[in-house]
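Here are some friendly notes to read alongside the model. Take them one at a time, with the picture open.

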There are 2 protein chains.
Amino acid sequence: MNSLCYNRLVNDYTKGDKMNIKDVARLAETSVATVSRVMNNDPKVAKVTRQKVLAIIEESGYIPDAKGRSLRTQRSNKILVLIPTMSNQFYSRILQGVEAKAEEHGYQVLVAITNLEVIQEEKYLDMLKSRHVDGAISFFSTLDPHQISEIAKKYPFVQCCEPTLGADVSSAVIDNREAIYEVTQDFIKKGHKRIAMISGDYYRFSEEAREKGYKDALREANIKFDDSLLKKSFYRLKEGESLTVELMNQKNPPTAIICVSDSLAIGSITALHKLEKKVGKDVDVIGFDNTSITSFYYPTISTIAQPRFDLGTTAVDLLMEKFNDNNSTNKKVILPHTVIHRESTGCAK
Amino acid sequence: MNSLCYNRLVNDYTKGDKMNIKDVARLAETSVATVSRVMNNDPKVAKVTRQKVLAIIEESGYIPDAKGRSLRTQRSNKILVLIPTMSNQFYSRILQGVEAKAEEHGYQVLVAITNLEVIQEEKYLDMLKSRHVDGAISFFSTLDPHQISEIAKKYPFVQCCEPTLGADVSSAVIDNREAIYEVTQDFIKKGHKRIAMISGDYYRFSEEAREKGYKDALREANIKFDDSLLKKSFYRLKEGESLTVELMNQKNPPTAIICVSDSLAIGSITALHKLEKKVGKDVDVIGFDNTSITSFYYPTISTIAQPRFDLGTTAVDLLMEKFNDNNSTNKKVILPHTVIHRESTGCAK
DNA sequence: GTGAAAGCGCTAACAG
DNA sequence: CTGTTAGCGCTTTCAC
């Protein structure tokens, strides 16, 4: 059985297949313990021995088995990032922040796409429970607050951008209410009386906050909230378009439209084009997230920028705190946003 | 040591922390082997015993440790997908294909973003070498053909969309030469004499093929290839814009521009807008990939569609063949593309 | 500075 | 049908 393995030619090993620590030890004429020490940079290995072992490792292309190592050390040095979809370019920059910070701490980042499906999400979360990864960062969960709180209590788990409403969990977010509040105020100051909002019914954390910001600003300006001006949809181009058509077909159509995503805003602008309305003049439109297309669209699209890279690094920081002590009190870190006015809200650039 | 663990209250276990198969066995008053059998749906377990074990598992929230299991079985049932960047919405649909097919075969998909960095890519490929995952699908590699061939020889590894030129590896692709050949012919038939191309210098497999298609069509129509009409760049909005400005500032500017990505096309159209050229009339523009924005841009953007979902499923099929026999001969599967003409090439819709 | 041996959590062969 | 046991590949005492 194993003797077969022991009879292999050295040459076999240079192919690097199925080599294990025992093979390395034998070839280097030392013990597995020593090989392990070399792999882990343990200083108390004689220079000669180390050289010899390193030579064999180099020559054979040996890579230690991750499972054996993790099983023993009880850590994988991997973290899982759960994102709802890849169709949104929004997550790209955040991931870069996550990866940069994770790397600093010696962790590798794995990404899982849940496609907004509970089953998928639970399957990936099992990677946390089965200790396949040391911790996880979630950018949106379909689970309920209780489930999330439980997970966060048991495992290093933090949320980013879209924490679960009512869950006890650390999170990195922006002040969504404030962002839309500012935008709505801007519109009111500009003289708009009929301000519409295209929101969603998926991402409750941000949506409720954003709708609140919208309503708060209206109330303060004594503009009565008009139910027919608040639409809910998926965050897609198509829905942005169709809902804008609905809005504009009302007897008293809006002169400004706030969209909770850039894709909705693009859809909205497409609709306005077709209706031969001048965007930024007849109707102001603003999106959310400052995805790269917004500054290249015609007209350029006003939007709200989130500090995406920093959201990513902050999420990792929060996770690291959990690694140190998973019972540390959960915190919500709020990062600053920026409202960017471009042509779609009548600005020169 | 372990006795401590054995003295824990049942109540502890309902929290699900650090439970292992031994604990379950003890609580269910049976052996670890039986618990293992239950976990793996082995039919030869008495109904009563199975019930008892399942009850404990349910109650305690026990999830078997992935490392222990994989270490023993020598398979993780996980596959790794390496993508160069998340900023391109292109990969989203492909991933869905990958996931659908992988799930069918009982595999879970992990995504790694290499950001076009060698170091990153190598780190993630180590997951293959360290047997952390059973196989990998790469959507672009910075490694050389020899390295890729070696990896493919040793591990289940396939490429998709952008295989490494000259590497011996299975791949799922479209006929990039043919696609651009068709487009160029379309332009020539329409009467264009000055046809420009904005290509890249990253994704050699597709770029060389596409440039060949462009040149082939020109040659056949006896149009001399003009070096100044072929630009190379990153696949970004900004570069599409600046290179188009360069192209249009020539003494004899093009009347049609072929872009190897939709973002380049959008950048190009932005530039033409600024130069007050009518896109689809003064100048035709076509992109590549049929990302969702193309049908919502103003004007709508002509483009070439790849069968993204199928590319994903096909890649998984190829990987499964490698799981069956990693020495099976490598094949290149070519899937059909579709040229879509919209307003940016003068079509009504 | 080094090696023998225990054991991380699991599965599978074997014995009963 | 069930339990005992070996061992997957690794790290880490503990002796020497």
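The points below look at two helix pairs and at one helix in more detail.

1. Please keep in mind that this is a predicted model.

2. Start where the two chains meet through helix H6. Residues 66-73 form H6 in chain A and also in chain B, and these two helices pack with their axes 9 Å apart, at an angle of about 140°. Angles over 145 degrees would count as roughly antiparallel and 65 to 115 as roughly perpendicular, so H6(A) is oblique to H6(B). The crossing of H6(A) with H6(B) is left-handed.

3. Which residues make the contact of H6(A) with H6(B)? From H6(A) come A:Lys67, A:Gly68, A:Ser70 and A:Leu71, and from H6(B) come B:Lys67, B:Gly68, B:Ser70 and B:Leu71. By class, this contact has 4 polar, 2 nonpolar and 2 charged residues.

4. Now look at H6(B) by itself. Its buried residues are B:Ala66, B:Lys67, B:Arg69 and B:Ser70. These lie on the same side of H6(B), because the arc they cover around the axis is only 165°. Their packing partners are H6 and helix H8 (118-129) of chain A. Just after H6(B), look for B:Gln74, which has a positive phi of about 65°.

5. Finally, find a pair inside chain B: helix H10 (residues 176-189) and helix H11 (residues 204-220) pack at about 35°, with their axes 7 Å apart. H10(B) passes H11(B) in a right-handed crossing. Among the contact residues are B:Ile180, B:Tyr181 and B:Ile188 of H10(B), and B:Ala209, B:Tyr214 and B:Leu218 of H11(B). The contact of H10(B) with H11(B) divides into 8 nonpolar, 5 polar and 5 charged residues.

Note on methods. Residues are numbered from 1 along each chain as its sequence is written. Chains are lettered from A and ligands numbered from 1 in the order in which they are written. This is a predicted model: local features need pLDDT of at least 70, side-chain atom pairs count only at pLDDT 80 or more; totals for chains, interfaces and linings use all residues. Axes are lines fitted to C-alpha atoms, for helices over the stretch in contact, and angles run from 0 to 180 degrees between N-to-C directions. Helices (H or I, at least four residues) and strands (E, at least two) are DSSP runs, numbered from the N terminus. Angles under 35 degrees count as roughly parallel, over 145 as roughly antiparallel, 65 to 115 as roughly perpendicular and the rest as oblique. A crossing is left-handed if the near helix is turned anticlockwise from the far one by less than a right angle, and right-handed if clockwise. Two residues are in contact if their C-beta atoms, placed from the backbone, lie within 7 Å. Ala, Val, Leu, Ile, Met, Phe, Trp, Tyr, Cys and Pro count as nonpolar, Asp, Glu, Lys and Arg as charged, and the others, Gly among them, as polar. A residue is buried if 20 or more other C-beta atoms lie within 10 Å of its own, exposed if 12 or fewer, and partly exposed in between; C-beta atoms are placed from the backbone. The arc is that of the directions from the helix axis to the C-beta atoms.
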